[in-house]
Protein chains: 2
Amino acid sequence: MSHTLGIRQAQKQKTRQALLDAALGLLEEQSLSSLGLREVTRAVGVAPTAFYRHFRSTADLGVALVEEALGSLHPMIEDTVSAAGDTDERIARAVELIAHHVGTHPAHVRFIARERHGGVQPVRDEIREQLARFAEEVKDALAEHPESAGWSDDDLLMLAGLYVDHMLMAASAFLEALDGSEAERERVARVASRQMRLISIGRRHWLG
Amino acid sequence: MSHTLGIRQAQKQKTRQALLDAALGLLEEQSLSSLGLREVTRAVGVAPTAFYRHFRSTADLGVALVEEALGSLHPMIEDTVSAAGDTDERIARAVELIAHHVGTHPAHVRFIARERHGGVQPVRDEIREQLARFAEEVKDALAEHPESAGWSDDDLLMLAGLYVDHMLMAASAFLEALDGSEAERERVARVASRQMRLISIGRRHWLG
DNA sequence: AATTCCAGAGAACAGTTGTTAACTGCATGG
DNA sequence: CCATGCAGTTAACAACTGTTCTCTGGAATT
């Protein structure tokens with residue numbers, strides 16, 4: 001069914017991925033709106049004009065990076081929210097998962113945190129859309145919990161949004177502590193956990 | 001006591017302020033790391049070299065912008081948290097105040113949201129420091145509430161951090177809705193209010 | 001009144017940027 | 001096996017960047 005990619009298309013995708021990787025690397029010390037197309041091609045070792053075979057502009061590349069950074073995260077999120085165990089266990093697992101993901105994909109996390117409010121509109125829009133989808137998925141998962149009995153759809157969505165926002169905050173805090181001491185990272189994890197616990201407590205007493 | 005500024009220094013501060021204003025305007029459609037020094041001086045109508053009389057670099061100008069945007073906010077925050085009235089009244093007042101501030105200083109809010117995770121380290125550091133001071137002040141104000149009896153200093157600070165983060169989220173959401181319909185802005189206000197209320201409920205049931 | 005100081009101007013520098021055009025060589029489909 | 005398609009190259013373009021040095025006019029100091 002899945003036919004093998006021709007040599008041609010395979011090579012193309014390889015260069016495309018090299019451009020994405022190089023850009024992601026360069027974006028650790030600047031933002032997308034200052035990323036030059038030549039800068040990227042130079043890092044890959046390819047002619048500037050080759051860039052146009054893959055992206056219309058650096059903004060276009062940015063949108064592709066959003067999909068790469070967030071697209072693969074949906075199953076992970078859904079898993080976390082609908083996992084078994086009591087609230088505290090779920091929180092511990094969620095924080096652990098965030099910390100792990102920041103450790104393995106720091107550049108992706110940095111990119112999202114940076115460009116969420118960054119200077120390039122199409123990229124902001126794409127991030128907003130993806131995060132809205134996350135919130136929707138979290139809402140659906142929350143609706144399955146017995147604690148959600150009596151909750152309106154609207155209230156569930158506002159709670160889901162709070163969780164998603166806080167996940168990003170926690171991820172960004174972990175990122176800042178990545179080059180710090182082990183104790184520093186432990187402190188970040190403890191604060192994030194307690195904040196999530198407080199939100200969960202608020203959830204439990206929301207009605208009535 | 002306060003002696004009048006000489007004509008010389010007065011003119012200098014005027015140009016300095018013009019540079020800051022022009023930069024803030026240009027930053028509505030890009031981020032600091034892509035802001036050129038010549039771009040700023042051109043917008044003011046002054047020679048590129050004049051820039052150096054006021055700032056070492058655009059990063060330096062960015063740090064000055066952080067102070068301009070956040071420095072004057074301390075009294076307002078303290079007021080809000082320690083205001084009289086029950087929790088819901090305080091929340092309504094806080095959200096109203098945020099919405100108003102976003103309406104009167106949109107460029108400042110955009111700048112802070114954008115550069116908080118932006119590509120210029122000195123600016124990120126300055127914003128983090130100022131926000132930490134906000135959290136500290138909110139913590140002190142919260143400690144005065146009767147509901148804070150039995151709370152550890154550490155827990156109060158994590159709650160304060162949650163409030164500060166959420167204020168920024170709300171401000172950013174208002175900003176995105178600025179060019180939208182009145183109904184859209186109303187919706188943002190309602191969501192922000194309910195999220196704050198949920199946090200406050202979590203606070204009330206935190207102990208025990 | 002004479003001197004010092006300094007915000008801003010002007011010109012020039014080497015290096016960068018995005019984009020266009022015409023090209024080359026090789027994998028592909030007929 | 002040959003003709004087409006297309007990823008990537010080369011060269012050139014005008015426009016832009018940060019930074020240095022020299023200069024000037026008028027406010028500040030003595």
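Trainee: Through what do the two copies, chain A and chain B, meet?
Mentor: Good place to start, and bear in mind that this is a predicted model, where local features need pLDDT of at least 70, side-chain atom pairs count only at pLDDT 80 or more, and totals for chains, interfaces and linings use all residues. Of the interface residues of chain B, 100% are also interface residues in chain A, so the copies meet through the same surface.

Trainee: How many residues of chain B are in contact with chain A?
Mentor: Contact here means that the C-beta atoms of two residues, placed from the backbone, lie within 7 Å. On the chain A side there are 28 such residues, and on the chain B side the count is 28.

Trainee: Which elements of chain B give two or more residues to that side?
Mentor: Residues are numbered from 1 along each chain as its sequence is written, with chains lettered from A and ligands numbered from 1 in the order in which they are written. Helices are DSSP runs of H or I, at least four residues, numbered from the N terminus. The elements are helix H6 (106-115), helix H8 (153-176) and helix H9 (182-204) of chain B.

Trainee: What rotation superposes chain B on chain A?
Mentor: The fit is by least squares on the C-alpha atoms of residues with pLDDT of at least 70 in both copies. The shift along the axis is 0.0 Å and the RMSD 0.0 Å, with a rotation of 180 degrees. That is the relation of a two-fold axis.

Trainee: Which C-alpha of chain B is nearest the axis?
Mentor: Happily, that has a simple reply. At 1.8 Å from the axis, the nearest C-alpha in chain B is that of Gly202(B).
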